[in-house]
Amino acid sequence: MPVITIAGNDGISIEKKRKMVEKVSQVVAEAYDLPIDAITVLVEAYPKESIGVAGKLLSDRE
C-alpha cells in the first residue's frame, strides 16, 4: 500500500488539495497496478517562516 507525502507551504486551497490528491492517487494507482483505494496521500503544509529556499526563508523573500 503506497503512501505518498507531499510537503509544501500552506498557501494551497482545500479545492486544489482535493484535485491534487485525486490526480496523484490515480497516477500512483496506475503505476503500481493497484486500486485507488490502496493509495494514501499525506499533505503536509508548512508556514512560509518554516521553509527555506536558496538560503532564505520564504517569508523573507516577499
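Modeller: Read along the sequence, this chain runs β-α-β-β-β-α, with helices (H or I, at least four residues) and strands (E, at least two) taken as DSSP runs numbered from the N terminus. The model is predicted, so to speak of a local feature takes pLDDT of at least 70 and a side-chain atom pair counts only at pLDDT 80 or more, while totals for chains, interfaces and linings use all residues. Residues are numbered from 1 along each chain as its sequence is written, and side-chain values use heavy atoms, leaving out hydrogens and water.

Biologist: What makes the chain more spread out than a compact globule?

Modeller: The radius of gyration is taken over C-alpha atoms, and the globule rule is 2.2 Å times the number of residues to the power 0.38. For 62 residues the rule gives 11 Å, and the chain comes out at 15 Å, well over that, so it is more spread out than a compact globule. The C-alpha trace spans about 45 × 25 × 10 Å along its principal axes.

Biologist: How do you know that strands E1 and E2 pair, and in which sense?

Modeller: Two strands pair if DSSP finds at least two bridges between them. Strand E1 (residues 3-9) and strand E2 (residues 40-46) have 7 bridges, in the parallel sense. From E1 the chain passes through helix H1 (residues 14-32) to E2, a right-handed β-α-β crossover; that is, with the strands pointing away from the viewer, the path from the first strand over the helix to the second runs clockwise. As for bridge partners, Val3 has Thr40 in E2, and Ile6 stands opposite Val43.

Biologist: Why is Ser25 called buried?

Modeller: Buried means under 20% relative accessible area, exposed over 50%, and partly exposed in between (1.4 Å probe, protein chains only). Ser25 has 7%, so this residue is buried. Ser25 sits in helix H1 and, leaving aside neighbours within four places in sequence, is in contact (heavy atoms within 4.5 Å) with Ile36, Ile39 and Val41.

Biologist: And what is Asp10: buried, partly exposed or exposed?

Modeller: Its relative accessible area is 45%, so Asp10 is partly exposed. Asp10 lies in the loop between E1 and H1. Not counting residues up to four places away in sequence, Asp10 touches Ala45, Tyr46, Pro47 and Lys48. The C-alpha atoms of Asp10 and Lys48 are 7.4 Å apart, although 38 residues separate them along the chain.

Biologist: Which residues make up the largest nonpolar core?

Modeller: A nonpolar core is a set of buried Ala, Val, Leu, Ile, Met, Phe, Trp, Tyr and Cys residues joined through side-chain atoms within 4.5 Å. The largest one here has 5 residues: Ile4, Val28, Ala29, Ile39 and Val41. Ile39 touches several residues beyond four places in sequence, among them Ile4, Val28 and Ala29. In soluble globular proteins, nonpolar side chains tend to be buried together. Across the chain, buried residues make up 16% of the 62.

Biologist: What makes Asp33 and Ala54 exposed?

Modeller: Asp33 has a relative accessible area of 70%, so Asp33 is exposed. Ala54, at 75%, counts as exposed too. Asp33 is in the loop between H1 and E2, and Ala54 is in the loop between strand E3 (52-53) and strand E4 (56-57). Phi is near 55 degrees for Asp33, a positive value in a residue other than glycine, and phi of Ala54 is also near 55 degrees.
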